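Here's a quick walk through the inside of a protein model. Have the viewer open and follow along.

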Amino acid sequence: MTSPRPPRTLGRAETFKRDWLDGFAGAYGRTVRKVPGAYGVLARHAPERGRVAVVIGGGCGHYPAFAGLVGRGLATGAVVGDVFTSPSAEQVYRTAREADGGAGVLFSYGNYQGDVLHFGLAARRLAAEGIDSRTVLVTDDVASGPADAPQRRRGVAGDFMVFKVAGAAAERGDDLDTVAALAGRANDATRTFGVAFDGCTLPGASEPLFTVDETTMELGLGIHGEPGVRTVPRLDAVGVADALVDGLLPELPSQGDGRLAVLLNGLGNTKYEDMFVLYKRVHERLAGHGLNPLHTEVGEFVTSLDMAGVSLTVLALDDELAPLYAAPCDTPAYRSGGATLATVAPVSTVDDALDRPEGPGTAGVVDRLLTAGLARIEANEHELGRLDAVAADGDHGLGMTRGMRAAVTAARAAEAAGAGVSGALLTAGTAFADAAGGASGALYGVLLAETGAGLDGDITATAVADAVDRAAAAFVELGGAEPGDKTMLDAIEPFRLALREHAGSGVVRAWREAAAQAVRAAADTAELAPTKGRAARLAQRSKGYADPGATSFALLVSAIGDEWERTN
């Protein structure tokens, strides 16, 4: 029997975000500081009264994005999610609240569903407290959507360009609307195209998410570990540079007079020397087309863990954008000025949500049922990750485990304090969303919380069916999915209908029948092609594989049904 391969990375998957962020804050405390009680950092000088706060963020695994770009003249603060996973709305809210200096907050981040959901929820909460905000989504990746629908494109290395302009505008004292308008103009004028030579490895894993044959390369890669949209024969440096430039030339924005800011960005495992070799040809090609690379950076700005690859980004400059992009700044990863040295105390974050709940707890009904669900999810974590990696980033199993552990811990504490089913589920939903992050975190959090909100009386089959109806409606409203999109909804909707149909047979029997229907429906998603979320870009690759969200939902409700039947 062969021994399992050791992990290819040093960090542990379950504590990676915590450990690297603590190390980062300790290393660069002269420039940034941790947000109290949150996975976020602020520029050491923030907040500043009367100055717009620029808050950026997303999943970790992309350093220097996002925390490395915090400092004077660039971002005011950054909120950090787990690897390739959006930060939760709670973390975004805490970071933005700490960053606000009274002039409002500009949120800017890549156009990914999980980020849009969680940042959007945080913005609503800030508005309710009287804090004004604006949002600029970065949509620079030309490979991720058609030119006539830029709102469908994702944000990759162009994040840096947009953040730089926004930060400079805020630094010179522009108001919130002006900062947002300039950041939006920068986004409209920014384009990126990338290539990958090999895949990246998640913390604690021994194998990459995908591999690229040494004779080929992937064009149009993403930054969440997903492969590109087209495989071509491996090219030499000149060929790679030509592929990058050729991918961008038809997409160059019409504004400007040929002046460009250029960013040749390494994805995490490409040597700087190789990037300079590539840039020689890139510069020649751009100049040959009458373009002027006025301001160039070669290095790592938005990476994808240890992915081997590069991306090329251009920003079409004009008289308004050029001085903002060239303005001085001081961040851990990108500086155009000096830094102030200061003694920094060691940072050590405690996060109880990372611990697995032990023992039977209070044996309250919510604790008991969710504990059964947690055990089922943990047993299938690898399979959920495998399904997710087919067309996305492979984190669904880990995210579900993390979310369920937090949900059980929260429900257990709530029931021990005297909460009923409704209160325990509401608390569990909030904890799940905060711990899991990403689109699944937000959506599962809504399901648990809204189900709980509908169960404030006797637990009858009809009451449960009514609560699930309410939760499903909230799920659709928040996520925007429809049946047939190959999402979790394709298991939720059959479950909901079956629960209503069998309500007359009692709550346990109705739940068991509905769970069986969810299992069948989840398996049937293998025949569907995704149209929502990150997986839609690689729709054909997912044919023949069940949707990971639908599968995790079926596992969860089946485990709850088994436990409910066993104890009744």
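Which residues lie nearest the centre of the largest cavity? They are His45, Glu48, Arg51, Val52 and Thr76, out of 18 residues that line the cavity. Keep in mind that this is a predicted model.

## The cavities

Rolling a probe the size of a water molecule over the atoms shows where empty space is left. Searching the whole structure this way turns up four cavities of 30 Å³ or more, and the largest has a volume of about 110 Å³.

As for what surrounds the largest cavity, strand S3 (53–60) and H4 are the elements that give two or more residues to its lining. H4 has the largest share, with three residues. By character, the lining splits into nine nonpolar, five polar and four charged residues.

## Gly101 and its neighbours

Gly101 sits in the loop between helix H2 (89–99) and strand S5 (105–110). Is this glycine buried or exposed? Its relative accessibility is 1%, so Gly101 counts as buried.

Part of its company comes from elsewhere in the sequence: Pro47 is 54 residues away along the chain, yet the two C-alpha atoms are 5.0 Å apart. Setting aside residues up to four places away in sequence, Gly101 touches Pro47, Glu48, Arg49, Gly50 and Arg51. Glu48 and Arg51 from that list also turn up among the residues nearest the centre of the largest cavity.

## Two nonpolar cores

The largest nonpolar core has 97 residues, and Leu106 and Leu315 are the ones with the most contacts inside it. Helix H4 (residues 158–171) gives the most to this core, at nine residues. There's also a second, separate core of 56 residues, which includes Leu374, Ala411, Phe475 and Ala522.

What does Leu315 touch beyond residues up to four places away in sequence? The list runs Met161, Val165, Ala186, Ala189, Thr190, Arg259, Leu260, Ala261, Leu321 and Tyr325.

## Strand S12 and its partners

Strand S12 (residues 308–316) is largely enclosed by the rest of the structure, because nine of its nine residues are buried. In a regular strand the side chains alternate between the two faces of the sheet. Both faces of S12 are covered: one side has Ala308, Val310, Leu312, Val314 and Ala316, the other has Gly309, Ser311, Thr313 and Leu315, and all are buried.

S12 pairs antiparallel with strand S7 (residues 190–198) over eight bridges, and antiparallel with strand S10 (residues 259–266) over seven bridges. Val310 is a handy landmark, as it is the bridge partner of Val195 and also of Gly266. Further along, Asp198 has Ala308 as its bridge partner in S12.

S7 is largely enclosed too, because eight of its nine residues are buried. S7 also pairs antiparallel with strand S8 (residues 216–219), over two bridges. Val195 takes part here as well, with Leu219 as its bridge partner in S8.

## His396 on helix H11

Last stop: His396, which belongs to helix H11 (residues 396–416). Its relative accessible area is 6%, and anything under 20% counts as buried, so His396 is buried.

Which residues is His396 in contact with, leaving aside its neighbours within four places in sequence? They are Leu384, Asp388, Ser440, Pro548, Gly549 and Ser552.

Terms used. Residues are numbered from 1 along each chain as its sequence is written. This is a predicted model: local features need pLDDT of at least 70, side-chain atom pairs count only at pLDDT 80 or more; totals for chains, interfaces and linings use all residues. Side-chain values use heavy atoms; hydrogens and water are left out. Helices (H or I, at least four residues) and strands (E, at least two) are DSSP runs, numbered from the N terminus. Buried means under 20% relative accessible area, exposed over 50%, partly exposed in between (1.4 Å probe, protein chains only). Contact means heavy atoms within 4.5 Å. A nonpolar core is a set of buried Ala, Val, Leu, Ile, Met, Phe, Trp, Tyr and Cys residues joined through side-chain atoms within 4.5 Å. Two strands pair if DSSP finds at least two bridges between them. On a 1 Å grid over the protein atoms alone, a cavity is a set of points where a 1.4 Å probe fits but cannot get out, and a pocket is an open set with protein on both sides within 12 Å along at least five of seven lines; lining residues have an atom within 4 Å of a point. Grid points are joined across faces, edges and corners, and a volume is the space filled by probe spheres set on the points. Ala, Val, Leu, Ile, Met, Phe, Trp, Tyr, Cys and Pro count as nonpolar, Asp, Glu, Lys and Arg as charged, and the others, Gly among them, as polar.
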